[in-house]
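Hi,

Here is the structure I promised you. Have a look at it first, and my notes on the ligand site come after it.

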Amino acid sequence: MSIKVYNTLDRKKEEFIPRDPGKVGMYVCGPTVYNYIHVGNARTYLSFDIIYRYLKYRGYDVTYVRNLTDIDDKIIIKAKEERTSPEEIAERYTREFWEDAKNMGLAEPTIQPKATNHIKEMIEIIEALIEKGLAYIVDGDVYFEVTKFAGYGKLAHRTLDEMRAGERVEIDPRKHHPMDFALWKSAKPGEPAWDSPWGKGRPGWHIECTAMSLRYLGIDFDIHGGGRDLLFPHHENEIAQTEGYTSKRFAKYWLHGGLVNIGGEKMAKSLGNIILVRDLLKEHNANVLRLLALGTHYRSPIDFSQEKLKEAEAAYERLLNVRRRIEHVLESPTVTRWPEKVEEMNRLKRVIEETKEKFIESMDDDFNSAAGLANLFELVKEINTFIEVYGEQVTMHAKDLLEEADGVLLELSGAVGLNLTLPKAEDVAKKLPEDIYQLASEVLGIAIDGKRKDQLLDDILERRNRARKEKDWGMADRIRDRLSAMGIEIEDTPLGSRWKLKI
Ligand code: AMP
Ligand code: ZN
């Protein structure tokens, strides 16, 4: 079985055969560092983070390059607005991006090159393009001449005439063709500038990615990715200049992530409809954001909404819950039982094996994480059923099996970057409301004795259990309702009552 990927270049799914057996070179266009990233940007980085992690899980040695565009008009404008230097803006937002990336649980790429560290390579490529007759100089600017590159439009699947009609580009008399794009921009007073054979200036955006991907991955590398909005003109231009320069294929597989929309419109700073990653993470765990990404195929758009977020929250809670239940069973006394519940055990054993196979099959199919997640939840369902049907008397064999199920759950979720580590009791205790003290001592007369809130909560549950045994349903319900009002949910399981914080 091999991995299949949808290649935007050919508009079809193809077998994934890397240039160097066992190795993968992957380049993803990174942020222009002039502001905080939003949920739309986050989704693209998450999609490629998932692909990166999964390829590693499948045994590939992956070199993942995600660049930083640290020189650009937007950075210069922001610096002017804030009366500071473009360097300061770029440095600040690089730091902030790394902070968000870490908090989102993104794996660090192998290399995160900065455009400004590769100006020399860019100048070399531009010089070669001029020499080959593919680029021309006008007053210190250098343009790529699209009509000189026969393959222009092969990624977007559009001819030059179609683009011209579609893009409504302004006619610039200095350009030979309206679609010609800047490789080098001459310096304006006060802007950052580098020496070049055409005078002082700075690179255009597209040439940055050509220089950095060739430098770290070489020609004809495996995966070039980015959000769908970069397909044209950015990636089209990258192809034109790189293939014009090397006369070889630039990258083998072009992967484009679907956009995040909100109310039917693209989430974009310019439209004023963005939700910053850092704001979202104040309210939600990073795994919730990842589950939001995993729940939709990476190529499909996501219509962001509070309901979607709630679904992802519920999914995360279900995953943690099943792990808590397993933990609870593993901690309860082991018994010998005769006869063993072989049928239930065999069923769970089969589902564990099938889940792993199906999950890999789903992810191998163009990284279909939505299907992969559904496979994981089939296992979750089986584990829950097993615990309910098997009952309180747990044998060593049943424990072994549950441990195996838990291991597969952790392995597969980890393969796509989910972290299902259960929070420690002390950490959870910190989040519990202060009202616990009042309920324990004033209402139920439980001695506080310097106990932590989670320990008091266990005492409260014990009190409720006693009430239930004594058939004092009124009391049992009152305790449940009081806790519910504090955001604490009680779950009555065959193995006793447990509490959890509603999120
Ligand atoms: P930018 O900073 O606009 O160059 O975008 C950085 C990355 O985020 C690129 O890979 C874009 O394709 C991606 N991106 C921007 N907006 C969205 C969106 N609404 N949904 C998904 N990806 C986006
Ligand atoms: Zn790029």
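Below is what I found around the ligand and in one helix.

First, the ground rules: this is a predicted model, with local features needing pLDDT of at least 70, side-chain atom pairs counting only at pLDDT 80 or more, and totals for chains, interfaces and linings using all residues. Residues are numbered from 1 along each chain as its sequence is written, chains are lettered from A and ligands numbered from 1 in the order in which they are written, and side-chain values use heavy atoms, leaving out hydrogens and water.

Ligand 1 has 15 residues around it (a heavy atom within 4 Å), and those that come nearest are Thr-44, Gly-227, Asp-229, Val-260 and Met-267. By type, the shell splits into six nonpolar, seven polar (Gly counts here) and two charged residues (Asp, Glu, Lys or Arg). Helix H1, residues 39–57 (a DSSP run of H or I, at least four residues), gives the most to this shell, namely four residues.

Now the polar contacts (N or O pairs within 3.5 Å). Val-260 has a backbone N or O atom 2.8 Å from a nitrogen of ligand 1. Two oxygen contacts are at 3.1 Å: one from a backbone N or O atom of Gly-227, and one from a polar side-chain atom of Asn-41. The protein covers 90% of the 480 Å² of accessible area that ligand 1 has on its own (Shrake-Rupley, 1.4 Å probe).

Back in helix H1, you'll find Ser-47. Ser-47 counts as buried because its relative accessibility is 6% (the cut-off is under 20%, with a 1.4 Å probe and protein chains only). Its C-alpha lies 6.8 Å from that of Ala-293, which is 246 residues away along the chain.

Cheers

Conventions: Polar contact = N/O pair within 3.5 Å; in protein donor to acceptor, adjacent residues only side chain to side chain. Helix = DSSP H or I, 4+ residues; strand = E, 2+ residues; numbered from the N terminus. Buried < 20%, exposed > 50% of the residue type's maximum accessible area, 1.4 Å probe, protein only.
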